[in-house]
Amino acid sequence: MKIGIIVLSYTGNTYSAANKLSLALKKEGRDIEIRRIGTESTDPNSPGGKKINDAPDTQPFDIILFGAPVWAFSLSTVMKQYLAQIMTLQGKKVGCFVTQGLSKPWLGGNRALKQIKKICTDKGAVVFAEGVIHASSKDMEKQTDDLIKRMSVL
Ligand SMILES: Cc1cc2nc3c(=O)[nH]c(=O)nc-3n(C[C@H](O)[C@H](O)[C@H](O)COP(=O)(O)O)c2cc1C
């Protein structure tokens, strides 16, 4: 089973969680790769930061773990754009995680997760795990470890 972590990250929080996830799953002997969604600029507040110039292919992977930041109490618009151009996720098992700056899941994380899960299931994926990580929280390490446990079930 080939696992792909497809991640959108500007300031590194979501990438850091993705990297920990990748290292942990590699340790278990999984065949796993991280693919970053590329944008013209790394500044999320600039127009180029919202233009995708590298959209990783989902086809090679049996299991995909999508990671993205929360923006404006929702899933980041760039992740929505990226997911919109995927034709199908039929037959794929998917895990979804989001990182947010604020410390409470109702300040965007829960909503973003709901949105990403709906997009994935509408495209035919089976969502098997999910998680919100609060990037500024002292619990970040634990939240990442919990996410790893949930994502390791397959
Ligand atoms: C445009 C923008 C909007 C954001 N809106 C929210 C928000 O509504 N709620 C929240 O908790 N964090 C918000 N954040 C903070 C990010 O979700 C948080 O820092 C995230 O971990 C960034 O991920 P990254 O480092 O992978 O880019 C926002 C950040 C940006 C740049």
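The following exchange examines the reasons for several descriptions applied to this predicted model.

Reader: Why is helix 1 called oblique to helix 4?

Author: Helix 1 and helix 4 pack at an angle of about 50°, and their axes are 10 Å apart. Angles under 35 degrees count as roughly parallel and those of 65 to 115 as roughly perpendicular; helix 1 is therefore oblique to helix 4. The crossing of these two helices is right-handed.

Reader: Which residues of helix 1 and helix 4 meet, and what makes up their contact in terms of nonpolar, polar and charged residues?

Author: From helix 1 come Ala17, Lys20, Leu21 and Ala24, which meet Thr144, Leu147, Ile148 and Met151 of helix 4. The residues of this contact comprise six nonpolar, one polar and one charged.

Reader: Why is Arg150 called partly exposed?

Author: Arg150 has 14 C-beta neighbours inside 10 Å. A buried residue needs 20 or more and an exposed one has 12 or fewer, so Arg150 counts as partly exposed. Arg150 has its place in helix 4. Residues up to four places away in sequence not being counted, Arg150 touches Ala129 and Gly131. Between the C-alpha atoms of Arg150 and Thr99, which are 51 residues apart along the chain, the separation is 16 Å.

Reader: What makes Ala72 exposed, and what makes Phe73 partly exposed?

Author: Ala72 has 10 C-beta neighbours inside 10 Å, and the limit for an exposed residue is 12 or fewer; Ala72 therefore counts as exposed. Phe73 has 14 such neighbours, a value in between the limits of 12 and 20, so Phe73 counts as partly exposed. Ala72 is found in the loop between strand 5 and strand 6, and Phe73 also lies in the loop between these strands. Phi is near 50° in Ala72, a positive value in a residue other than glycine. For Phe73, phi is near 65°, likewise positive in a residue other than glycine.

Reader: Which residues touch the most other members of the largest nonpolar core, and which strand gives the most to this core?

Author: Of the 40 residues in the largest nonpolar core, those touching the most other members are Leu21, Phe66, Met79, Val98 and Ile116. Each of several elements supplies at least two residues of this core, including strand 1, helix 1, helix 3 and helix 4. Strand 5 gives the most, with seven residues. In soluble globular proteins, nonpolar side chains tend to be buried together.

Reader: Which residues are in contact with Ile116, leaving aside its neighbours within four places in sequence?

Author: Ile116 is in contact with Phe66, Ala68, Leu75, Met79, Cys96 and Val98.

Conventions:
Residues are numbered from 1 along each chain as its sequence is written. This is a predicted model: local features need pLDDT of at least 70, side-chain atom pairs count only at pLDDT 80 or more; totals for chains, interfaces and linings use all residues. A nonpolar core is a set of buried Ala, Val, Leu, Ile, Met, Phe, Trp, Tyr and Cys residues joined through C-beta atoms within 7 Å. Helices (H or I, at least four residues) and strands (E, at least two) are DSSP runs, numbered from the N terminus. Two residues are in contact if their C-beta atoms, placed from the backbone, lie within 7 Å. Axes are lines fitted to C-alpha atoms, for helices over the stretch in contact, and angles run from 0 to 180 degrees between N-to-C directions. Angles under 35 degrees count as roughly parallel, over 145 as roughly antiparallel, 65 to 115 as roughly perpendicular and the rest as oblique. A crossing is left-handed if the near helix is turned anticlockwise from the far one by less than a right angle, and right-handed if clockwise. Ala, Val, Leu, Ile, Met, Phe, Trp, Tyr, Cys and Pro count as nonpolar, Asp, Glu, Lys and Arg as charged, and the others, Gly among them, as polar.
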